Amino acid sequence: MTRQAEPVRHPEPAEPAGHPARAGDFDPALAAAQEALVRAMTAGAPVPDGFDAAAVRAAADGILRKRAGEVARVWPILAASYGTDWPRVFAAWAAGLPTRGSVRDAWDFALAHRAELPPEAALDLALAEARWAYDGQGEPRRRRAAVRRVPGGVAVQLLGRVRVLGGGTRR
């Protein structure tokens, strides 16, 4: 017969002074402090009073590196075209901007840097624009048909299939 271990019981933590006694209670001051802290770490807002500025900046840098990695996973050609500079270049652009999700972060970065995109990334952006309609505000939507200039030719998209004419690339 196998003996079963007793479940581990942890004591209930004591409520810190000045905090609501029940989970359902709302503390507006705490909510405002949390919001200010999140904005400082994710959108470049000033560090709120009472927080260690160096620690908040370190957390913000970590969040930016994570965002750069997530963007690299959803749009690998964009990130790879910047090589080892990708995390630094993306973080410099994203530092004051709240995230809108990895896909939109990638697309917004590509649009903001369209003029200086490396050729591989410029082609990938043009092909994405042939497949998807994105105005920078709402979610990207699939296109039924589109024609877009691409480096060295033109991309024609019809019902989800993209052909590049004159560029030698097919996707």
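# Sheet and helix packing in a predicted model

In β4, Arg149 has Val154 as its bridge partner. The structure described here is a predicted model, and the pairing of Arg149 with Val154 is a convenient entry to its sheet.

## The sheet

The strands β3, β4 and β5 make up an open sheet of three strands in the order β3-β4-β5, and their pairing is antiparallel. Because β3 (145-150) and β5 (161-165) each have a single partner strand, they stand at the edges, and one side of each is left without a neighbour in the sheet. From one strand to the next, the twist averages 20°.

Between β3 and β4 the antiparallel pairing extends over six bridges, and within this pair Val150 stands opposite Gly153 in β4. The hairpin that β3 and β4 form has two residues between the strands, and Gly152 takes a positive phi there, near 85°.

On the other side of the pairing order, strand β4 (residues 153-158) is joined to β5 by five bridges, the two strands running antiparallel. Val154, already named as the partner of Arg149, stands opposite Leu165 in β5, while Ala155 stands opposite Val164 in β5. β4 and β5 also form a hairpin, with two residues between them, and in its turn Leu159 has a positive phi of about 55°.

The sheet is also met by a helix: α6 (residues 119-131) lies across β3, β4 and β5, and α6 runs at about 165° to β3.

## Helices packed with α5

Two packed helices are described by the angle between their axes and the distance between the axes. The table sets out these values for the contacts of α5.

| Helix pair | Angle between axes | Distance between axes |
|---|---|---|
| α2 and α5 | roughly 85° | within 8 Å |
| α4 and α5 | about 85° | 11 Å |
| α5 and α6 | about 120° | 11 Å |

Helix α5 (residues 102-112) packs with α6 at an angle of about 120°, which makes α5 oblique to α6, and the crossing of these two helices is left-handed. On the α5 side the contact is made by Trp107, Ala110 and Leu111, and on the α6 side by Leu125, Ala128 and Glu129. Sorted by class, the residues of the contact of α5 with α6 are five nonpolar, no polar and one charged. Since α6 also lies across β3, β4 and β5, the description of α6 takes in both the sheet and α5.

Helix α4 (residues 86-94) meets α5 at an angle of about 85°, and α4 and α5 are therefore roughly perpendicular to each other. Trp86, Val89, Phe90 and Trp93 of α4 make this contact with Asp105, Asp108, Phe109 and Ala112 of α5. By class, the contact of α4 with α5 comprises six nonpolar, no polar and two charged residues.

Helix α2 (residues 53-74) has an axis that comes within 8 Å of that of α5, the two crossing at roughly 85°, and α2 and α5 are therefore roughly perpendicular to each other. In this contact Arg67, Glu70, Val71 and Val74 in α2 meet Ser102, Val103, Asp105 and Ala106 in α5. The residues of the contact of α2 with α5 divide into four nonpolar, one polar and three charged. Asp105 of α5 is named in the contact with α2 and is named again in the contact with α4.

## Salt bridges

With salt bridges counted for a side-chain nitrogen of Lys or Arg within 4 Å of a carboxyl oxygen of Asp or Glu, the count comes to six. One of them joins Glu35 to Arg39, with the closest N and O atoms 2.8 Å apart. Glu35 and Arg39 are four residues apart in helix α1 (residues 28-42), so about one helical turn separates them.

Methods: Residues numbered from 1 in each chain as written. Predicted model: local features only at pLDDT ≥ 70, side-chain atom pairs only at ≥ 80, totals over all residues. Heavy atoms only, no water. Pairing = 2+ DSSP bridges. Axes fitted to C-alpha atoms, helices over the stretch in contact; angles between N-to-C directions. Contact = heavy atoms within 4.5 Å. Parallel < 35°, antiparallel > 145°, perpendicular 65-115°, else oblique. Left-handed = near helix turned anticlockwise from the far one by under 90°. Nonpolar A, V, L, I, M, F, W, Y, C, P; charged D, E, K, R; others polar.
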